[in-house]
Amino acid sequence: MAEKDELLTLINRRISKVIDLIKEQNADGLLIFNQANYRYLTNFTGEEAQLILTTQGDRILLSDSRFDDQIKAQAPGEISVIMKKEDQDVEIAKQLQKANLKKVLVEGEFVSAVEFNKLQKLSPQVDFEICEELVEKVRNVKDSLELETLRKAIDISMDSFNEILPLIKPGAIERKIGAKLDYYFKINGGDGPSFDTIIASGVRSAWAHGVASDKMIEDGDIVVIDFGAFYHGYAADITRTVAVGKVDQEMHKIYQIVHEAQRRGIAAAVKGNHGSDVDKAARSYITEQGYGQYFGHGIGHGIGLEIHELCQPALPFGKQELLNNMVHTVEPGIYLPNKGGVRIEDDILVHDQTPETLSTLPKDNLISL
């Protein structure tokens, strides 16, 4: 079977699952604005498009002339492509009327109140209804192509991390190390960073989202590095904590606590459990060790076409039942104000009762440089 035929088979399966969800809400179609979602259902990667998916399986993709050839090259299968010549909402209204759709779901997270009201005025014959994370519910479980792509994104991220380790030393600037890491993502075959690379040293390592700054790394610093590459649109997300020279003994202690907490969290990432079970397994250990107040964020989130999946209001990780082929992070941390912090993060594939850790960089002991 040709590669494009394999892709179309996967896309058709995705479409079928989304259509089932549309039908559950007694609607005739879904209006999609989220780039990740229309990419998932068409393979078109451009940043300017809207997709109408009907319960009959019709796909109507609205874009503009900049992407004409790109759509033809990327999007397999039968798809109606409309090159917008008028106002976006006017063009959408035309297509909804042409398709004779009576009830249409609209992605509530990606349409403004102004635009929603405009659509209602332009299409009075349509009953519009806001929905939340409909396509995302299908995206939660990865198919074979997605898992292959995620594995590659993770491999590129790990290779790039290993290349910048020698640069982490006294006198180095966080921002320059981050720029070098982002550079290696592309050199090693990725599309670039999947988020703003976090490199937080010294007291800044207690900043859970301490994006790389102009701070100079000093001898005795703890450095938290949170990084990941995009590959073919799919995001990796890994964190490692390293020590530059001799660091405070308490940092070694909390590193081992975080490491054990993560081990327990990963062990709980089994089919049938919920994200809250993963969180509890890790958090309760940190609390038992006397550091519970210093672990404030959630235990993890999904990854895929977006760096943060399974973490929005409609699909929070804690309430999500874990299913085979979900991929999510497990990332406990301890952050001591004005002293420093530790986080260890890996990407985990749910596989029955044996979770698979996809990111395999060393972590048993604090990495010393």
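I count two residues as in contact when they have heavy atoms within 4.5 Å. On that basis I looked at how far along the chain the contacts reach in this predicted model. Of the contacts with a separation of 6 or more, 67% join residues 24 or more positions apart.

**Overall build**

Next I tallied the secondary structure and got 10 helices and 18 strands. I then checked the radius of gyration, which comes to 23 Å, close to the 21 Å from the globule rule for 369 residues, so the protein is as compact as a globular protein of that length. I also took the span of the C-alpha trace along the principal axes, and I have it down as about 70 × 45 × 40 Å. For burial, I noted that 55% of the 369 residues are buried.

**Largest pocket**

I went looking for open space. The largest pocket holds about 640 Å³. Its lining runs to 25 residues, and I marked Glu 3, Leu 7, Asn 43, Leu 145 and Thr 149 as those nearest the centre. Which helix gives the most to this lining? I found that helix 1 does, with 9 residues. Helix 1 (3-24) is joined by helix 2 (35-42) and helix 7 (144-164), and each of these supplies at least two lining residues. I sorted the lining of the largest pocket by class and wrote down 9 nonpolar, 8 polar and 8 charged residues.

**Second largest pocket**

I moved on to the second largest pocket, with a volume of about 380 Å³. Here I listed 24 lining residues, and those nearest the centre include three histidines, His 209, His 301 and His 308, along with Gly 298 and Glu 331. I traced the largest share of this lining to helix 10 (residues 275-288), which gives 3 residues. By class, I split the lining of the second largest pocket into 8 nonpolar, 9 polar and 7 charged residues.

**A small sheet**

Last, I followed an open sheet of 3 strands, in the order 7-10-11 and with antiparallel pairing. I asked myself why strand 7 and strand 11 each have one side without a neighbour in the sheet. Strand 7 (192-193) and strand 11 (234-235) stand at the edges with a single partner strand each, so one side of each stays unpaired within the sheet. I then zoomed in on strand 7 and strand 10 (residues 229-231), which pair in the antiparallel sense over 2 bridges. For Gly 192, I noted Phe 230 as the bridge partner in strand 10.

Conventions. Residues numbered from 1 in each chain as written. Predicted model: local features only at pLDDT ≥ 70, side-chain atom pairs only at ≥ 80, totals over all residues. Heavy atoms only, no water. 1 Å grid on protein atoms, 1.4 Å probe; cavity = no way out; pocket = protein on both sides within 12 Å on 5 of 7 lines; lining within 4 Å. Points joined across faces, edges and corners; volume = space filled by probe spheres on them. Helix = DSSP H or I, 4+ residues; strand = E, 2+ residues; numbered from the N terminus. Nonpolar A, V, L, I, M, F, W, Y, C, P; charged D, E, K, R; others polar. Pairing = 2+ DSSP bridges. Rg over C-alpha atoms; globule rule 2.2 N^0.38 Å. Buried < 20%, exposed > 50% of the residue type's maximum accessible area, 1.4 Å probe, protein only.
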